[in-house]
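Colleague: I'm new to reading models like this one. Please pick one part of it and take me through it slowly, in a single go.

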Amino acid sequence: MNVILRELKAHWKGILFWSLGMIALIGSGMAKYDAYQSTGQSINQLMAQFPKSVQIILGISGFDLTTAAGFYGLLFIYIAIMAAIHATLIGSDMIAKEERDKTSEFLFSKPISRAKAITGKLLAGFVILVIFNLVTTLSSIYMVQYFNKGASANHDILLLMAGLAFLQLIFFSVGAAVAGINKHQKSSASIATSVLLLTFILYFVINLNDKLDFLKYLSPFKYFEAHAIITNGLDPFYMVLSLIITVVLIASTYFTYSRRDLSV
Amino acid sequence: MNIFWREIKAYRKSTIIWVLVLSAITIVFLLLYPGFTKDVEATRKMLSGIPAAYRNALGLSLDNFFTIFGFLGYLFTFVLLAGAAQAMSLGTGIISKEDSGKTSDFLLSKPVTRTKVLTSKLSAALVLLAATNIFFSLASYGVARVVSTANFSAKTFFLISATLFLVQLFFWALGALFAVIIPKIKSVISVTLPTVFAFFIVSTIGAFIGNDNVRLVTPFKFYDYQYIIAHNTYEWKYVIIEAVCIAVAIVASFIIYLKKDVRAAS
């Protein structure tokens, strides 16, 4: 319990900045919708006839941008990448910080096992992810409603945010596992975020060429695509896959971190 | 000169990795170019049925957009993103590491002024970025030559690839400024990555609604590829805006760094 409270206290400033950032991102994004809406529907229909790869290069992809929900769907990938960056950094920071800041000797001279310390840290991280998701959900619902003139988009938003939660879990565990395995904690955050950047760019590469579709399992952003979620809901296969990835990575964090020599 | 070489050596390995990453991004995308040209034919046919005035309103110029340069302009979105992350991490890290590594008092007890410390560090970062760009440009030029079916102008190509360096310069200066302003940077990447992505998202959201004002706030949009392809030069207005931003950031970094209370390790 002490560990959880300690970590929450250490991260509260970060939570605050990230929350404000997300509110600003969603608010300014939806404000653009207001401007876009006035350009009219005909361009939108014309664009929809383009081949997929051309649409992607032009930065429009299959959403009905005249509705608030469609426009929000377009924003989703950027909300997702920010959430993923946040989750990765939290995950790696929680595990890496003791060694990086040379406080691991202090922490583990206390009557606490390594497994218990990790549990506390991961739980604190989980609480932070939940706060992040709640802030994002609430501000999304509010902002979309504010600019929306048609049917309510709340159902779509809640589904997307559920998808976001899975993404957060995956990248949180990626961050934790990298820091758990890595011995040089200065590089943990960079390695974990490189994995993230790689999957992010891979997402666009896959979209560009249909033949690369088999690579989609390598990029979690592909698991929870706004377009698919809005039309078909969440895919149970990907939800299970995400949970498996998360469990495996968290387990390997415990396994390696409990066994290895901590650098002091 | 000692500090300069010390930093070059310290960052040599990570710079090589960055060159490989940037080149890999370019190569992977360029390999998809032949497939993309097929879609282009279909689009071209479709677009030719639309009145030219309407096309222009959409901002689509048939000649420029669907050449290899048009494609290059797209893939550079990601090259610039990764390059910006490199430049800002370098600019921030090269300064903040003395603080986080608790080596500031060791460094500043040497007979060098703070001005010299900062000058050496920033110029080391600059040289590393320049080296990154030279190797990256040559590698991607080679691949572009191989995949492109038509001949293309080397000048336009290098004008486009040099935008990487220009964007990196902006983030190098911003990184330096952040390093002297933010107290206690424990993890460089958790400062730089959100910043870079914030600029990136502003630029992409601005791009698909065609808002020109957004170009003034985000370096990712300072250099418009359509313009470079059509006119074979940069829009000098934005070069000047960038130069002013960089000058302000660097001068401010020096002023703050010279006066600030550097934390001693204890």
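Modeller: Let's start with α12 of chain B, whose buried residues pack against α7 (114–147) and α8 (154–181) of chain B. This is a predicted model, where local features need pLDDT of at least 70, side-chain atom pairs count only at pLDDT 80 or more, and totals for chains, interfaces and linings use all residues. Residues count from 1 along each chain as its sequence is written, while chains are lettered from A and ligands numbered from 1 in the order they are written.

Helix α12 covers residues 236–259 of chain B; helices here are DSSP runs (H or I, at least four residues), numbered from the N terminus. Ile246(B), Ala249(B), Ser253(B) and Tyr257(B) are buried in α12(B), with buried meaning that 20 or more other C-beta atoms, placed from the backbone, lie within 10 Å of a residue's own. From first C-alpha to last, the 24 residues of α12(B) reach 35 Å, close to the 34 Å expected at 1.5 Å a residue (the expected span is 1.5 Å times one less than the number of residues).

Now try the same sum on α5(B): its 33 residues should span 48 Å, and the end C-alpha atoms are 45 Å apart, which agrees. There's a twist to the story, though. α5(B) has a kink of about 40° centred on Ile94(B), where the bend is the angle between axes fitted to the seven residues ending there and the seven starting there. Because 29 of its 33 residues are buried, α5(B) is largely enclosed by the rest of the structure. Just after α5(B) comes Lys102(B), with a positive phi near 55°.

So who is a neighbour of α5(B)? α1 (residues 2–31) of chain B has an axis that comes within 9 Å of the axis of α5 (residues 68–100), crossing at roughly 170°. That makes the pair roughly antiparallel, the label for angles over 145 degrees. On the α1(B) side, the contact includes Tyr11(B), Trp18(B) and Phe29(B), and on the α5(B) side Phe78(B), Ala82(B) and Ile94(B) are among the residues. So Ile94(B) is both the centre of the kink and part of this contact. (Contact means C-beta atoms, placed from the backbone, within 7 Å.) By type, the residues of this contact are twelve nonpolar, three polar and one charged; Ala, Val, Leu, Ile, Met, Phe, Trp, Tyr, Cys and Pro count as nonpolar, Asp, Glu, Lys and Arg as charged, and the others, Gly among them, as polar.

Technical notes. Axes fitted to C-alpha atoms, helices over the stretch in contact; angles between N-to-C directions. Helix = DSSP H or I, 4+ residues; strand = E, 2+ residues; numbered from the N terminus. Parallel < 35°, antiparallel > 145°, perpendicular 65-115°, else oblique. Contact = placed C-beta atoms within 7 Å. Buried ≥ 20, exposed ≤ 12 C-beta atoms within 10 Å, placed from the backbone.
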